[in-house]
Amino acid sequence: MAQDEQQVLSGLAEIVNEETGVDAADVQPDKSFTEDLDIDSLSMMTIVVNAEEKFGVTIPDDEVKNLTTVGDAVKYIQTAQG
Amino acid sequence: MSTVAKGTGTLQAPVGARYAGMLGVGGYRPERVVTNDEVCTWIDSTDAWIRERTGIVSRRWAAGEETVIDMAEHAAGPALEMAGITADRLSAVIVATVTHTMQTPAAAPILATRLGAKDAAAFDISAACAGYCHGISLASDMVRGGSAEYVLVVGVEKLSDITDKRDRGSAFIFADGAGAAVIGPSDTPGIGPTVWGSDGEKWEAISQRVPWDKIVALQEEEAATGKPADWVAAGAIDATEASTLKMAGQTVFRWAVWSMAPVAQQAIEAAGITAADLDAFIPHQANMRITDAMIKQLKLPADIPVARDIAETGNTSAASIPLAIERMLREQEVPRGGLALQIGFGAGLAYAAQVVRLP
């Protein structure tokens with residue numbers, strides 16, 4: 001079932017916090033994963049796999065490079081959830 | 001008109017040993033230590049960046065004239081010594097490598113002759129980073145199947161030959177070395193069932209993009225100048241897609257962790273043990289981050305020693321597991337006779353895992 005933007009954002013923030021230690025409150029839609037949150041490509045992949053499990057979606061490897069900001073990821077997850 | 005077989009006589013079936021075991025292990029690390037700082041004289045990176053993303057502090061590179069056969073020979077000696085046999089007792093020599101520079105002849109017959117394994121069956125296998133575990137599986141089956149008594153399995157690579165040393169995405173990962181194991185008859189089961197397979201759909205995730213003839217020319221340039229060649233300037237590779245050994249890091253990371261952890265788990269179950277019975281976890285030394293993520297997925301008990309040889313050895317593909325075993329035994333991190341889970345995974349994509357009793 002599709003979740004609203006805030007639900008996805010807070011769920012994603014939890015995952016990011018668990019993987020990287022970044023404060024969940026800092027995981028905001030306008031933040032860039034690499035530039036602002038200092039998340040490298042392998043941590044990003046761990047976040048992606050955990051997000052797939054948590055939100056019941058599939059995020060192909062080729063799609064990951066398009067998820068620049070937290071907002072991009074939230075949007076992608078919401079769309080994928082239908 | 002149909003033909004009829006003569007139908008006379010009953011074939012003799014081969015008879016092997018009841019069990020196979022790992023009787024000896026040896027390693028060879030080239031003399032030259034290449035630090036991250038040295039790598040950073042060719043690429044725009046830092047020691048801290050490389051350590052954080054790979055866990056690699058330094059690696060070994062073979063000398064220019066040193067071949068995979070030379071390195072394999074150095075690793076085979078101590079493995080035979082530990083096994084307590086001489087090379088003339090070997091009935092087969094298997095070399096797992098992707099960096100023997102000739103398609104034919106294979107490295108194994110030359111190695112066998114150098115070692116004094118006269119008349120041994122000898123062949124190479126190409127399964128990249130999974131090659132060593134493939135070799136152990138073959139050797140175990142050969143011993144039990146009756147086609148060999150003692151088998152030498154060598155994983156050896158000279159990856160510095162196919163690494164674009166100016167590519168900031170891969171120059172720091174790959175390295176050189178050799179590891180060897182002697183497999184032979186055993187009174188008790190010494191090698192558990194192998195869980196193996198491949199996924200050719202992902203073949204592009206790790207692949208060599210420059211043919212050997214171009215690489216050889218670049219090696220000659222490096223030997224002449226003493227400096228890493230500029231592969232892009234030489235036209236060997238496209239500037240937009242640097243690195244000859246191309247690796248889609250994120251794809252490989254996802255596959256290695258989330259697809260390989262279940263394979264490792266299956267190997268434990270197939271061996272009839274539990275993770276708590278293990279004395280060591282020895283995954284292919286691809287990247288420390290992959291190892292850490294695999295441990296998390298496998299939920300291994302915290303007290304089980306884990307191979308971290310990559311820190312000072314780099315990623316040596318087929319050689320990484322036997323090299324890690326050699327170090328862990330030498331440093332007494334794991335006991336002789338202990339149970340180790342080993343898993344190789346890499347280009348193909350190919351993988352193989354089994355639980356072995358360490359020599």
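What follows is a walk through a predicted two-chain model, starting with chain A, crossing to chain B and ending at a sheet.

Some housekeeping first. Residues are numbered from 1 along each chain as its sequence is written, while chains are lettered from A and ligands numbered from 1 in the order in which they are written. Since this is a predicted model, local features need pLDDT of at least 70 and side-chain atom pairs count only at pLDDT 80 or more, whereas totals for chains, interfaces and linings use all residues.

Let's begin with chain A. Its mean pLDDT (the predictor's confidence in each residue, from 0 to 100) is 91, and 98% of its residues reach 70 or more. Confidence bottoms out in helix 3 (residues 61-64) of chain A, at a mean of 90, and is highest in helix 2 (residues 41-55) of chain A, at 93. Helices and strands here are DSSP runs numbered from the N terminus: H or I over at least four residues for a helix, E over at least two for a strand. An unreviewed UniProt entry puts "domain: Carrier" at residues 3-81 of chain A; UniProt positions use the numbering used here, feature names are shortened, and annotations may be inferred rather than shown by experiment. Over that stretch, the chain is 59% helix and 0% strand, with its end C-alpha atoms 8 Å apart.

Helix 2 of chain A is also where you'll find A:Met44. A:Met44 is buried, as 22 other C-beta atoms lie within 10 Å; the cut-offs are 20 or more for buried, 12 or fewer for exposed, and partly exposed in between, with C-beta atoms placed from the backbone. Leaving out residues up to four places away in sequence, A:Met44 touches A:Phe33, A:Ile39 and A:Val64, where contact means C-beta atoms, placed from the backbone, within 7 Å. A:Glu19 is 25 residues from A:Met44 in sequence, but their C-alpha atoms are 8.9 Å apart in space.

Now for the meeting of the chains. Eight residues from chain A and nine residues from chain B make up the contact. On the chain A side, helix 2 and helix 3 are the elements that give two or more residues, and helix 2 gives the most, with five residues.

Over in chain B, a few backbone details are worth a look. A cis peptide bond, omega about 0 degrees, links B:Thr104 to B:Pro105, and B:Pro105 sits in the loop between strand 4 (90-96) and helix 4 (107-115) of chain B. Another cis peptide bond joins B:Gly348 and B:Leu349, with omega about -5 degrees. Then there are positive phi values outside glycine: about 55 degrees at B:Lys299 and near 50 degrees at B:Ser317. B:Lys299 counts as exposed, with 10 C-beta neighbours inside 10 Å, whereas B:Ser317 is buried, with 34 other C-beta atoms within 10 Å.

Finally, the sheet. Five strands of chain B form an open, mixed sheet in the order 1-7-6-4-5; strands count as paired if DSSP finds at least two bridges between them. Strand 1 (19-28) and strand 5 (121-125) of chain B are at the edges with a single partner strand each, so one side of each lacks a neighbour in the sheet. Strand 1 and strand 7 (residues 176-186) of chain B pair in the antiparallel sense over nine bridges, and B:Gly26 has B:Ala180 in strand 7 as its bridge partner.
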